[in-house]
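Biologist: Could you take me through one part of this protein, the place where its domains meet? I'd like the details with the cut-offs behind them.

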Amino acid sequence: MSKILIKNSKGLVQCGENMPKYKKGPEMQDLPVLENAYLAIEDGIIVDYGTMEEWGGITDWRGIEVIDAEGKYVLPAFCDSHTHLVFARSREEEFVDRIKGLTYEEIALKGGGILNSARRLQEKSEDELFEDAMKRLKLVNSYGTGAIEIKSGYGLTVDAELKMLRVIKRIKEAVNFPVKATFLGAHAFPKEFKENHRGYIDQIINEMLPKIAEEKLADYIDVFCERNYFSLEEMEEILLAGKKYGLVPKVHVNQFSVMGGVAKAIELGALSVDHLEEIADEDIEALKNSECMPTLLPSCSHFISIPFANARKMMEAGLPVALASDFNPGTTPTGNLQVVMSLACVKMKMTPEEAINALTLNAAYAMGIAETHGSISLGKSGNVVLTKEIPSLAYLPYAFGDNHIEQTIGF
Ligand code: NIG
Ligand code: FE
């Protein structure tokens with residue numbers, strides 16, 4: 001039996017019982033912190049916590065690892081509910097093109113963007129992709145990520161999409177924290193299908209999905225619903241086909257334009273709608289009457305110079321909000337959720353409490369693991385992060401650019 005005792009912590013953050021499945025509107029300001037506290041984890045499960053005054057000491061020291069957390073906070077590990085962690089190569093040449101004045105959409109229309117990544121990925125072996133992704137995963141884990149969703153979508157052929165999803169499956173088997181796989185064959189139309197959307201959609205539905213289901217390679221299905229990518233009707237057809245195999249929708253919508261994708265995705269049972277840099281009142285209304293998590297990606301806005309999502313408007317409308325990295329070579333070449341937290345505070349005017357809720361409990365909900373992750377509660381996973389010695393929780397987003405996480409404890 002593995003036993004860990006963390007004692008003398010400055011505060012256990014997001015700690016308590018009977019947590020809601022997510023926090024919304026004004027509840028996002030509530031962040032319970034148990035000060036001067038201990039936390040006991042047995043075989044990866046939280047079995048006890050309390051203040052140091054309440055601590056009864058240890059009677060049986062056999063096999064116990066004790067961590068002294070004087071001056072340090074303990075948080076539930078951050079959940080990154082939206083990443084494209086598996087990719088072949090970085091794309092800094094597009095970054096330089098943007099500095100010189102081209103937009104993300106212009107670069108994509110020239111054959112860059114997602115199609116650029118797909119060409120590179122098709123050439124790489126499964127082993128190489130796996131090794132590279134594991135290096136990235138270890139890095140983001142050291143920044144506090146203790147659960148991650150990973151999408152396909154840089155394959156765009158039957159073989160390459162399956163290759164990506166098999167890499168994600170290997171990652172799931174290799175690490176000791178939750179990894180969710182999302183099938184994003186509908187990320188862009190390959191060049192040869194530019195004028196033949198029907199042909200590619202048929203490939204997704206008749207060739208990719210049955211194999212993915214047979215090998216159990218995905219948990220979720222995603223579509224990039226956007227002008228020059230997939231239309232509303234195309235998204236609907238693909239999501240419905242995925243649902244027949246039990247894949248729950250989690251979609252890219254409203255990155256550059258409002259097309260009605262939010263309401264349509266909700267109608268189709270989406271667990272989350274992601275991006276929302278552009279938003280209309282109808283989208284907010286649709287979200288209000290749903291259990292769908294709006295998921296915002298401020299490091300994407302920062303990196304490709306597009307508007308930041310209006311988090312305050314959403315929370316003022318009573319909605320929940322989750323934050324994620326969108327880690328990918330085109331629009332967010334970092335998976336550091338501390339950077340995301342800082343951008344959410346500075347650029348979207350979220351308070352540190354709101355941002356931490358958005359990266360823990362709400363993000364856990366957005367990847368379907370809120371029952372076991374996202375808070376420090378009895379019976380939940382002991383995947384927690386220990387900060388370095390910091391003066392306050394607000395210091396996490398305030399002192400941006402440094403890694404404030406000392407250790408990510410995973411099971
Ligand atoms: O979420 N917008 C669609 N997909 C990614 C970017 C993909 C890329 O440029 O490689 C995103 O930002
Ligand atoms: Fe994305």
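Modeller: Sure, salt bridges to start: the term is used here for a side-chain nitrogen of Lys or Arg within 4 Å of a carboxyl oxygen of Asp or Glu. By that rule, one salt bridge crosses the interface of domain 1 and domain 2. K21 pairs with E291, with 2.5 Å between the closest N and O atoms.

Some housekeeping: this is a predicted model, where local features need pLDDT of at least 70 and side-chain atom pairs count only at pLDDT 80 or more, while totals for chains, interfaces and linings use all residues. Residues are numbered from 1 along each chain as its sequence is written, and side-chain values use heavy atoms, leaving out hydrogens and water.

As for the bounds, which come from an automatic or database domain assignment, domain 1 covers 3–77 + 375–408 and domain 2 covers 78–367. Their centres, taken over C-alpha atoms, lie 29 Å apart. The contact (heavy atoms within 4.5 Å) draws 31 residues from domain 1 and 34 residues from domain 2.

Then there's buried area, meaning the accessible area (1.4 Å probe) that two parts lose on being put together, summed over both. The two domains bury about 2500 Å² between them, with 60% of it on carbon and sulfur atoms. On the domain 1 side, Y22, M28 and P397 lose the most area to domain 2, together 27% of what that side buries.

Note on methods. Chains lettered and ligands numbered in written order.
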